[in-house]
Amino acid sequence: MQNYDQYHAIVSLNNPFADFESIQAAIDAAPADSSTYRIYIDQGCYQERICIQRANIEIFGDGAENTLICAEVCASMLENSGQLISTLNSRVVEVDATNVTLKHLSIINQWDYIKNANKPTDDPTRLQHKQAVALLLNSNSDNVRLEHVHLESYQDTFCTQGGRSHLKHCKIMGNVDFVFGCGNALLEDCDIVCRAWPSQTPVWGYIAAPSTSIDQDDGLTFLRCRVIRENDQVPKHSYALGRPWHPTTQFPDGRYADPNAIGKAVFIECYLDDHIYGWDSMQGLAPDGSKRSFEPDKDARFVEWNNHGPGANQNLGRQKPDHTKPNHL
């Protein structure tokens, strides 16, 4: 039996005695001070996009299988202004405040990545910007805690652009760069799930895409995580642990990939299944406008330590897949 007395606001779709039917309405009702404000979300699928900009918010669900925060949005969609939504604005939930806690719930971006991927390349309805963020920790976020939270999407599932965050006993599902950003995130005892999708090449995706500043010691740290496949359709040696993201940035002499974004990603005491083939490179815009390749051994800080499983330490003496060959699986 849930003890509702410990919460300041109750959100429910079915309980007539609840305070709110909308999660965002409950957040907006927090007092304009620095007190801790606790919200309980009853079971149900809440179709809304929420933004947390008030510090000291704690949100508790009824379990990751029961409390779902869902929306269908991707970077190719248009805002009311007619402009593209962009990667960061494609989020379902945004945290842009300090001392925020999320527990026992799921955040799901429901945009149909697979349906879009199955469309012919000349189909005018096939969207090209496929980023669809579930959770964004924006630049003002710090000391964000997640426990028993499921994050589900395909490309760019979890983005950390702020300060410190700690994810424990969470599950993150995706395919391309689905844990990314410049923030300092510790993922402890989490399941990192590489998804099946209709890829036409041997490389199906990449887990981490850090853009950590060279002046920052810590980036994306995976501690005692399980790096597993969604199902048996995900073939052997089809996913990279990560690749170096150097975001295109405006400088006084032009707009090009940030040379100081020397991404940091560390996998410590993790289980890696055999769909992992090691690390990979990533292209970025050079100052002269051409494309250049950022390499994992030169343009990033990538480390494996004491991992185990058939996918561990695959870069040692092993060549990565040929990106140009079609996938016949």
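Me: Let's start with histidine 104 in this predicted model: which strand is it found in?
Reply: Histidine 104 is in strand β8, which covers residues 98-109.

Me: Why does histidine 104 count as partly exposed?
Reply: Its relative accessibility is 31%. Buried would need under 20% and exposed over 50%, so histidine 104 falls in between and counts as partly exposed.

Me: What makes the phi of histidine 104 worth pointing out?
Reply: It's positive, near 60°, and the residue isn't a glycine. Most residues other than glycine have a negative phi.

Me: What can you say about asparagine 306, and where does it sit?
Reply: Asparagine 306 isn't a glycine either, yet has a positive phi of about 60°. You'll find it in the segment after β28 (301-305).

Me: How do you know that β12 and β15 pair?
Reply: Pairing takes at least two bridges, and five join β12 (residues 164-168) to β15 (residues 184-188), so they pair, running parallel. One of the partnerships is arginine 164 with asparagine 184 in β15.

Me: And what makes β15 and β18 a pair?
Reply: Four bridges join β15 to β18 (residues 220-223), against a minimum of two, so this is a pair as well. These strands run parallel, and leucine 187 stands opposite phenylalanine 222 in β18.

Me: How confident is the predictor in the protein, going by pLDDT?
Reply: The average is 94, and 95% of the residues score at least 70. Over residues 323-329, though, pLDDT is below 50, even if this stretch has 18 contacts in the model beyond near neighbours in sequence. Where pLDDT is low, the predicted coordinates shouldn't be read in detail.

Conventions. Residues are numbered from 1 along each chain as its sequence is written. This is a predicted model: local features need pLDDT of at least 70, side-chain atom pairs count only at pLDDT 80 or more; totals for chains, interfaces and linings use all residues. Side-chain values use heavy atoms; hydrogens and water are left out. pLDDT is the predictor's confidence in each residue, from 0 to 100. Contact means heavy atoms within 4.5 Å. Buried means under 20% relative accessible area, exposed over 50%, partly exposed in between (1.4 Å probe, protein chains only).
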